[in-house]
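Hi everyone, thanks for coming. Today I'd like to walk you through a model, so please have a look at it while I talk.

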Amino acid sequence: MTEPGSHSELFPVLHGVVAEFETPDGLVSACKKAHAAGYRRMDAYTPFPIEEAADAIGYEKTQVPLLTLCGGILGGLSGYLLQYWVNTSAYPMNIGGRPLHSWPPFIIITFEMTILFAGITAVVSMLTLSGLPQPYHPIFNHPRFSAASRDRFFLCIEAADPKFDLDKTKQFLRATDAIDVAEVAD
Amino acid sequence: MEQVPETKASATMERLLPGQSPVLTPGHTLETITDKIVSIVLRRPVTLGWLGGFAFFFGLLNMMLFAMAWLFYRGVGIWGINIPVGWGFAIVNFVWWVGIGHAGTLISAILLLLKQGWRNSINRFAEAMTLFAVACAGMFPLVHTGRPWLAYWLFPYPNTMGVWPQFRSPLLWDVFAVSTYATISALFWFVGLIPDLATFRDTAKNPVAKTIYGLLAMGWRGSARHWKRYESAYILLAGLATPLVLSVHTVVSFDFAISIIPGWHTTVFPPYFVAGAIYSGFAMVLVLAIPIRRFYGVEDMMTLRHLDNAAKVMLGTGLIVAYGYTMEAFYAYYSGNAYELFMFKNRALGPMAWAYWCLILFNILIPQVLWIRKVRLNPAMLFLASLVILFGMWLERFVIVVTSLHRDFLPSSWGMYVATRWDYAVFAGTLGLFFSAMFLFVRLMPMITIFEMRMLLPQSKLSEEVAAHD
């Protein structure tokens with residue numbers, strides 16, 4: 001990718017080598033081969049979720065569920081404790097002689113707060129763990145990358161990988177089902 | 001009537017019963033799906049029909065703004081409410097709109113957990129429908145307070161007055177339930193949109209559109225790691241939204257059931273309100289889907305199969321609602337309570353009897369035509385049946401609110417309720433808000449979830465030897 005005046009010519013620092021595939025099968029088997037060959041700093045880009053691709057590049061566990069659970073527990077506790085504190089000490093009201101700490105009516109708001117906090121945590125943790133919103137990412141320097149949100153599948157082995165060697169990695173990717181292998185500037 | 005496609009091979013390779021339409025008509029590829037949905041927003045010119053429809057509903061919306069300005073100036077006295085009927089159209093409309101929203105969450109969350117592939121093409125606009133319906137609903141509790149500028153007093157916050165809200169009141173539960181519901185629905189909708197907004201960003205040619213969709217897509221690049229977290233968060237949201245949607249209309253029914261008013265104080269209210277909500281919500285889904293699939297030519301993505309399935313859900317929930325009505329009558333008799341018995345007699349034979357019998361006709365008798373397969377596969381008849389159900393469900397809330405209140409325990413406090421033109425103006429205005437928002441939505445956002453439609457294609461599935469773990 002060294003057209004005159006292009007980004008990669010002006011800033012010739014390499015982000016990685018990108019292989020383009022036409023089918024999910026081609027992508028996933030290339031991911032498996034790359035992982036078996038010892039590459040770790042790599043990422044696959046697909047137009048729809050392919051769980052096997054994430055597994056193949058060695059990303060098997062996400063922390064989103066655990067964080068969501070924590071968020072839910074925090075929400076439930078804060079909902080209940082707020083009601084407990086308001087009704088017993090901050091603003092006690094005697095309604096028909098019922099106990100101040102009358103827990104059954106508190107359950108509904110406790111439940112709603114659990115859902116609210118858990119839901120917000122799920123979305124915020126998904127975005128922040130992924131580093132989104134992210135205004136710039138080098139993979140967009142690939143001239144055909146807009147197809148990744150359409151009908152093509154990409155695998156990028158990054159230059160930061162300790163096993164990365166420009167020529168060898170390129171050869172390795174050419175040996176897969178890739179229809180195109182290109183360098184992408186950082 | 002539309003022709004049922006003869007083919008038995010669906011694009012999604014699912015097994016079909018004889019004569020059943022596929023979820024996605026065969027012949028689509030990753031490219032055609034993307035192009036078709038994107039072109040509705042980015043390539044299609046604005047038509048006169050769209051402009052006319054939008055102008056009409058936007059006019060209604062402006063009428064609502066006018067009616068509300070007058071309401072804020074004069075107070076709730078411009079409405080038909082009085083003592084004893086202190087709850088009029090505002091609560092009727094609130095319950096009706098919240099109920100309509102429920103079908104969107106049901107489609108997007110519950111059907112996702114149940115792995116119903118047919119939800120994929122209707123979930124996006126059903127979620128949008130939920131958001132706009134909740135926006136319409138949320139206005140009524142706000143404006144019916146009389147002093148809407150003090151509505152924030154409903155939220156618990158430390159204040160110089162030293163007072164806190166009453167957490168044992170169902171009206172406060174409503175505040176939490178509806179605001180949580182609105183927040184989670186908006187999150188669910190937006191999270192679903194992110195990958196499709198990235199597709200829009202990558203396809204748009206107009207630099208302004210590209211920038212706006214790009215900002216909204218937040219730099220989404222379809223990374224495998226991101227997708228994994230995304231799927232995880234999405235399924236968690238669905239799992240959270242499922243009990244939430246059931247709880248919201250339960251809490252709405254508590255507004256009635258926790259009180260001691262005859263006709264309201266029954267345990268059947270929560271389940272029968274939830275069923276009624278889904279019933280009216282699916283009717284609204286069909287009222288929107290049938291014209292949309294026709295005018296935007298997406299009959300190959302929203303097929304007769306979707307209409308058929310939605311009609312079956314309506315039939316099922318409609319029967320639960322019928323059970324609720326029967327139980328109300330039974331309770332009145334079996335409770336042995338003179339007030340309950342009188343309430344029911346008054347509801348069926350009193351001055352509001354017309355509303356009760358219309359409701360039985362619209363909500364129970366006419367919808368039985370959905371047993372007939374030909375009706376379920378005929379978009380025009382389904383559209384009419386859905387309109388009837390929507391009107392019937394509105395009448396149901398009207399009957400519940402008004403008949404119980406206008407004949408109280410003491411004959412000396414009996415009254416009558418007649419809605420004024422301001423009641424009608426505000427109600428029609430929320431229809432304007434809802435539909436003008438829907439008009440904008442179909443022209444600005446992908447109304448069908450692109451990435452989930454891609455997953456329906458057989459070429460998107462991995463072959464067995466590749467998928468196998470080694």
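I'll start with chain A, go on to where it touches chain B, and finish with some helices of chain B.

One thing to keep in mind: this is a predicted model.

So, chain A. The domain assignment splits chain A in two: domain 1 takes residues 7-58 + 136-185, and domain 2 takes 64-129. Notice that domain 1 is written as two stretches, with the residues of domain 2 falling between them in the numbering. The centres of domain 1 and domain 2 of chain A, taken over C-alpha atoms, are 45 Å apart.

How does that show up in the overall dimensions? Along the principal axes, the C-alpha atoms of chain A fill a box of roughly 80 × 35 × 30 Å. The radius of gyration of chain A is 25 Å, while a compact globule of 186 residues would come out near 16 Å. As for burial, 45% of the 186 residues in chain A are buried.

If you like to trace the fold, chain A has 6 helices and 4 strands, and along the sequence they run α-β-α-β-α-α-α-β-α-β. Take the contacts in chain A between residues at least 6 apart in sequence: 79% of those join residues at least 24 apart.

Now let's bring in the partner. Contacts between the two chains involve 58 residues of chain A and 50 residues of chain B. On the chain A side, the elements giving two or more residues are helix H2 (24-36), strand S2 (42-45), helix H3 (51-56), helix H4 (64-90) and helix H5 (106-129). Which of them gives the most? That is H5(A), with 14 residues. By residue type, the side of chain A that touches chain B has 38 nonpolar, 13 polar and 7 charged residues.

That takes us to the largest nonpolar core, which has 182 residues. The members touching the most other members are A:Cys31, A:Ala53, A:Phe154, A:Leu155, B:Met129 and B:Val285. Both domains of chain A take part in this core, with at least three residues from each. If you want to find B:Met129 on the screen, leave out residues up to four places away in sequence and look for B:Gly104, B:Met284, B:Val285, B:Leu288 and B:Met438, which B:Met129 touches.

On to the helices of chain B, beginning with H2(B), residues 48-74. At 1.5 Å a residue, its 27 residues should span 39 Å, and the end C-alpha atoms are indeed 39 Å apart. Its buried residues are B:Phe57, B:Leu61, B:Met64, B:Ala67 and B:Leu71. Look at the spacing there, and recall that an α-helix has 3.6 residues a turn, so residues three or four places apart point the same way. The buried residues of H2(B) pack against helix H4 (123-144) and helix H14 (421-444) of chain B. Right after H2(B) comes B:Gly75, with a positive phi, near 100°.

Next is H7(B), residues 224-257, where 34 residues should span 50 Å and the end C-alpha atoms are 49 Å apart, which agrees. Is H7(B) enclosed or not? With 26 of its 34 residues buried, H7(B) is largely enclosed by the rest of the structure.

Last stop: B:Phe94, in helix H3 (residues 89-113) of chain B. B:Phe94 counts as buried because it has 26 C-beta neighbours inside 10 Å. Setting aside residues up to four places away in sequence, B:Phe94 touches B:Ala137, B:Phe140 and B:Pro141.

Thanks for listening!

Definitions and conventions. Residues numbered from 1 in each chain as written. Chains lettered and ligands numbered in written order. Predicted model: local features only at pLDDT ≥ 70, side-chain atom pairs only at ≥ 80, totals over all residues. Domains from an automatic or database assignment. Rg over C-alpha atoms; globule rule 2.2 N^0.38 Å. Buried ≥ 20, exposed ≤ 12 C-beta atoms within 10 Å, placed from the backbone. Contact = placed C-beta atoms within 7 Å. Expected span 1.5 Å × (residues − 1). Nonpolar A, V, L, I, M, F, W, Y, C, P; charged D, E, K, R; others polar. Core = buried A, V, L, I, M, F, W, Y, C linked by C-beta atoms within 7 Å.
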